[in-house]
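Notebook open, structure on screen. I wanted to go through a few spots one by one and jot down what turned up.

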Amino acid sequence: MDLTRAELAVLNGEEGEGKQKAMELITALGKIYGAENLIDITSAHLSGASYKTIGDGGLKYLEDMVSGNAKVSVNSTLNPVGMDRTRWKEMHITEEFAEKQNRIIELYGKMGVKTTCSCTPYVGPNVPKFKDHVAWAESSALSFVNSFIGARTNREGGPGALAAAILGKTANYGLHLDENRKPTAVIDADIDGSIFSYSLLGQAVGMAIGSGVPYFRNIRPEVEEAKTLSAAMAASGSVALYHAEGVTPEAKNFDVSDLETIHIGKQELQNAYDKLNKTDDIQLIAIGCPHLTEKEMHQIASFLKGKEKRNKDIEIWFCTSAAIRDKCPDDVRIMERFGPVLADTCMVVAPIEGSFERTGTNSAKAGNYLPTLCSQKAMCRDISALMEMVM
Ligand code: F3S
């Protein structure tokens, strides 16, 4: 790989141990994936923020980075953590977990990361521009910025995104290059356009094409639909980029006439639904994967207005960012008659397995991860169907 004199100096430790470790990791990744050089990035989004997912090993890694004086050099935001920072007791979190989680947040803060703790930073503090090179972890968020905005990132892991944030650079390979952004299959989608239909569509497409680049026909996603679709395909497959005809900024660049067309209609959506639904009996309903936007908060509050929660055996959590929660006090008041509106966290990265065994969600991403990462039997239905279970 061609490194500039300044990059070589970093690699040789001339700018401190934190930067050296970051450069070692980025150049190692670059070699594995055949990058010829490094490129500047404009932002990073970091995962690896929950104590549940990184454990004591991850905490030690962050301690070492901070003692090595590592600091991020571009706008960097943090993914959800394992608890709401102020309301963790409502989530059945232990004191020990809370203490370690708070230390992790503090360490990221010391490195200059904005500890916003949300998986939808693109609606707030971290909005890349078209063609920006960025280094984002969090599979739903990186797919959103790649696809809906046309920024360029690979599917980074937590340490890779942190290393890139420290350097302000990443290795130039994969989705940073034009040739890897071409669609690999056309998806002829026949859905009703509801948010839940985007969850099932994403589930079906991820199952059908794995890590390909789908080119959608017949859908008109806005932010909420695009984030839902991004999350679902990243979890049921490993899709990191898609195009939607007439909607996403790069779709017009491609001639797709020779590509295979995959039809996703009633039968495929039913198969996706069956894959995600493994129980009819739940203890927790968790909404907000990816984190709820302001528009979704309004929609949920209008649906719940004037209704009562009668079933006391099922808990409900709504997950969003602290910024969105603060913006919607009237919606929060209505929603909290049903359950807490939690910020900074989600049903997957919180240690829910200590308190629940069966969870319902409207998100295909959560529907995939609740069984594997949280030992849950999962139910996946639209929000109104879930809410009607407690009324
Ligand atoms: Fe976000 Fe958690 Fe879902 S990080 S995308 S709400 S699994």
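Entry one, a single residue. I started with Thr170, which is found in strand E5, residues 169-171. A reminder to myself before going further: this is a predicted model.

Is Thr170 buried or exposed? I looked up its relative accessible area and got 3%. The cut-off for buried is under 20%, so Thr170 is buried.

Next I asked which residues Thr170 touches, not counting those up to four places away in sequence. My list has Ile26, Asn37, Leu38, Ile39 and Ile41, and then Glu156, Ala164 and His176.

Entry two, a smaller item on sheets. I traced an open sheet of 3 strands and wrote down its order as E3-E2-E4, with parallel pairing. At the edges I have E3 (75-78) and E4 (135-136), each pairing on one side only. I then checked E2 (residues 43-46) against E3 and found parallel pairing over 4 bridges. For a concrete pair I picked Leu46, whose bridge partner in E3 is Leu78.

Entry three, another sheet. This one is open too, with 5 strands in the order E12-E11-E10-E13-E14, and the pairing is parallel. Which strands sit at its edges? I noted E12 (341-343) and E14 (377-380), as each of them pairs on one side only. I also looked up the twist, which averages 30° from one strand to the next.

Inside that sheet I followed E10 (residues 284-292) alongside E11 (residues 315-320): they pair in the parallel sense over 5 bridges. Leu292 stands opposite Thr320 in E11.

Entry four, a helix pair. I took H7 (residues 195-209) and H8 (residues 223-236), whose axes are 7 Å apart and which pack at an angle of about 30°. Angles under 35 degrees count as roughly parallel, so I put H7 and H8 down as roughly parallel to each other. Their crossing is right-handed.

Who makes the contact between H7 and H8? From H7 I copied out Ile195, Tyr198, Ser199, Leu201, Gly202, Gln203, Val205, Gly206 and Met207. From H8 the names are Glu224, Glu225, Thr228, Leu229, Ala232, Met233 and Ser236. Sorted by type, the residues of this contact come out as 8 nonpolar, 6 polar and 2 charged.

Conventions: Residues numbered from 1 in each chain as written. Predicted model: local features only at pLDDT ≥ 70, side-chain atom pairs only at ≥ 80, totals over all residues. Heavy atoms only, no water. Axes fitted to C-alpha atoms, helices over the stretch in contact; angles between N-to-C directions. Parallel < 35°, antiparallel > 145°, perpendicular 65-115°, else oblique. Left-handed = near helix turned anticlockwise from the far one by under 90°. Contact = heavy atoms within 4.5 Å. Nonpolar A, V, L, I, M, F, W, Y, C, P; charged D, E, K, R; others polar. Pairing = 2+ DSSP bridges. Buried < 20%, exposed > 50% of the residue type's maximum accessible area, 1.4 Å probe, protein only.
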